[in-house]
Amino acid sequence: AMATVRLPLDGDASPARAASLRRWLSDTHRIEAAVNAESGALWLRLAAQAYNELAEYERLAALW
């Protein structure tokens, strides 16, 4: 149960920005998710787990 979604962000789609977003998600929101730069865009990989709740995915989606 894994999905990759393109983040709706403009601007630099560099590995450095991806790493910065990963740290921001972790440090500010306690969300662990892979963020990668590929093909001129930033991508977020979600791994759904049985112990996660729908509200957690909704909270992540609301950040963008």
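The exercises below work through the fold, the sheet and the largest pocket of one predicted protein model.

The model is predicted, so that local features need pLDDT of at least 70 and side-chain atom pairs count only at pLDDT 80 or more, whereas totals for chains, interfaces and linings use all residues. Residues are numbered from 1 along each chain as its sequence is written, and side-chain values use heavy atoms, with hydrogens and water left out.

**Exercise 1. Establish which elements the protein chain contains and in what order they run.**

Step 1. Helices (H or I, at least four residues) and strands (E, at least two) are taken as DSSP runs, numbered from the N terminus; the protein chain then comes to two helices and three strands.

Step 2. Read from the N terminus on, these elements follow the order β-α-β-β-α.

Step 3. For the overall dimensions, the C-alpha atoms fill a box of roughly 35 × 25 × 15 Å along the principal axes. The radius of gyration is taken over C-alpha atoms, and the globule rule is 2.2 Å times the number of residues to the power 0.38; a compact globule of 64 residues would have a value near 11 Å, and the protein chain, with 12 Å, agrees.

**Exercise 2. Work out how the strands of the open sheet are ordered and paired.**

Step 1. Two strands pair if DSSP finds at least two bridges between them, and on this basis the three strands form an open sheet in the order E1-E3-E2 with antiparallel pairing. The edge strands, each pairing on one side only, are E1 (2-6) and E2 (34-38).

Step 2. Five bridges join E1 to E3, and Ala-3 stands opposite Leu-46 in E3.

Step 3. E2 and E3 also pair over five bridges: in E3, Trp-43 stands opposite Asn-36, Leu-42 opposite Ala-37, and Ala-41 is the bridge partner of Glu-38. The hairpin of E2 and E3 has two residues between the strands, and Ser-39 takes a positive phi near 55 degrees there.

Step 4. Helix H1 (residues 15-29) lies across E2 and E3, running at about 165 degrees to E2, where contact means heavy atoms within 4.5 Å and angles run from 0 to 180 degrees between N-to-C directions of axes fitted to C-alpha atoms, for helices over the stretch in contact.

**Exercise 3. Describe the lining of the largest pocket by element and by class.**

Step 1. Strand E3 (41-47) and helix H2 (54-62) are the elements that give two or more residues to the lining, and H2 gives the most, with four residues.

Step 2. By class, the lining has eight nonpolar, two polar and five charged residues, where Ala, Val, Leu, Ile, Met, Phe, Trp, Tyr, Cys and Pro count as nonpolar, Asp, Glu, Lys and Arg as charged, and the others, Gly among them, as polar.

Step 3. A pocket is, on a 1 Å grid over the protein atoms alone, an open set of points where a 1.4 Å probe fits, with protein on both sides within 12 Å along at least five of seven lines, and lining residues have an atom within 4 Å of a point.
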